[in-house]
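Dear colleague,

Please find the structure below, handed over for your use. My findings on its ligand sites follow directly after it.

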Amino acid sequence: MVMEHVTALECTICGDEYDPDQIIYTCPEHEGVKGILEVKYDYDVIHDIFEADLDGVIDSQWKYEAFLPVHDDAEIITLNEGGTDLFDAPNLSDELGVETLVKDDGRNPTGCFKDRASSIAVTKAKRAGREIITCASTGNAAASLSGYAARGDLDCRIFVPGDAPSGKLTQPLVYGADVLAVDGSYDAAYDLSVEVTEKYGWYNRNAAINPFQVEGKRTVGHELAEQSTARGKIPDWVVFSMGDGCTIAGAWKGFREFYELDYVDDTPKMLGVQAEGASSIHDAFHKHDDVDDVADTLADSIAVGCPRNTIKACRALEESGGTSLLASDTEILEAETLLGHTEGIYTEPAGATSLAGVRRALEEGIIEIGETVVINSTGFGLKDTEGARKATSGVTEIDPSLEEVQNLYSGAEQA
Ligand SMILES: *Cc1c(COP(=O)(O)O)cnc(C)c1O
Ligand SMILES: [Zn+2]
């Protein structure tokens, strides 16, 4: 049984094509893991089998199964990922001075965007008869993959950097994964996961090098296209934070597909935001030559020194007419509390990075008054409460007496 709608895996560097039915991660013509592959589709076939109404009602990303690179006979491993809300954000919009909407991907089953990809990874690993699945992660991919591995009854072994937030490591442990904390950076954990994949034949979910993973991330683009059309307006900007760069690349690919198939009549500009301390994609996009591959930011989910998907991410920015910019850790934490205060949406620092980027883009005149902006909250705030707490005014300690409360709230604000 073949995947009739998937035609090839194409190298993003040399254009060589590979058979989508073999398990291959990167083009062997280039050193290391540089030759990232892109999944190519036959859109006539997809258009013929895709029958869903684009009415804005989305139960899960599997509404777009016709677009996903899985075999017809595959057992789909799902926890109902995707189908996340696109919220109006009236209070935030007032604060910013532009109409802003929030796509809340922190509501995915394990609390982050990556579930869209993990569902595909475990579905494919199982179809290929693999029993062990692995990945390297700054935290969220680990938790996400572990949950889906449990759901699909696969063994899961994950490599995390030694300094990953402990909250993020409890989650995969609860899901039953082996968590291997590597004494080193995310980049070191990443290289090790690639080595074991080559040596032992474990299935590797690493989003940047497993060409099928990004494909699950496309569904956020499909959803945004569908939800915006249902609202009657395509946004001017869609904003994502960037770590490896797969998320923004996937989102753009999904949106573009719907545009090319005439399901929507316009496309947004993509704005990619990185932390100042982990700025490689931004540097590459703007052709800075001071490229620095050390990652230093409290937004741990995007603390990537050597992004694996720079080419795809830069293409998304370029093709969409968008751009990239940076945000400082202070701005990121301020944005996290701003989103919480204004809309009751609790995002983790990497999710808040998109909002921090919007504030900068407004200051710099990149986003103009009158435009519409969608920010994506890629991860749920409860995953890492330590960092955010520093940006709040903290807990007020009081004695158990009415007088203390009275002292706090005396005067005009009382009652
Ligand atoms: C992984 C992650 C990102 C960045 O995605 P990339 O594909 O690495 O660019 C952003 N936000 C959160 C919460 C993530 O977990
Ligand atoms: Zn190649």
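In this predicted model, an N or O atom in the side chain of Lys217 lies 3.4 Å from an oxygen atom of ligand 1. Two further polar contacts of ligand 1 may be of interest to you. A polar backbone atom of Gly245 is 2.7 Å from an oxygen atom of the ligand, and a polar atom in the side chain of Thr247 is likewise 2.7 Å from an oxygen atom of ligand 1. On its own, ligand 1 has 380 Å² of accessible area, of which the protein covers 97%.

As to its location, ligand 1 occupies the largest cavity. The ligand is surrounded by 16 residues, and the closest are Lys114, Asp244, Gly245, Thr247 and Thr378. Sorted by class, this shell consists of eight polar, four charged and four nonpolar residues.

The second site holds a zinc ion, which is ligand 2. Its protein donors are the SG atoms of Cys11, Cys14 and Cys27 together with NE2 of His30, at 2.1 to 2.4 Å from the ion. Along the sequence, these donor residues follow the spacing C-x2-C-x12-C-x2-H. Why is the arrangement of the four donor atoms around the zinc ion tetrahedral? The angles that they subtend run from 98 to 117°, and four donors count as tetrahedral if all angles lie between 85 and 135 degrees.

Yours sincerely

Key. Residues numbered from 1 in each chain as written. Chains lettered and ligands numbered in written order. Predicted model: local features only at pLDDT ≥ 70, side-chain atom pairs only at ≥ 80, totals over all residues. Heavy atoms only, no water. Near = heavy atom within 4 Å. Polar contact = N/O pair within 3.5 Å; in protein donor to acceptor, adjacent residues only side chain to side chain. Areas by Shrake-Rupley, 256 points an atom, 1.4 Å probe, with all protein chains shown as cover. 1 Å grid on protein atoms, 1.4 Å probe; cavity = no way out; pocket = protein on both sides within 12 Å on 5 of 7 lines; lining within 4 Å. Sits in = over half its atoms within 2 Å of the grid points. Nonpolar A, V, L, I, M, F, W, Y, C, P; charged D, E, K, R; others polar. Donors = N, O, S within 2.8 Å, 3.2 Å for Na, K, Ca; no water. Tetrahedral: all angles 85-135°; square planar, octahedral: opposite > 155°, others 65-115°.
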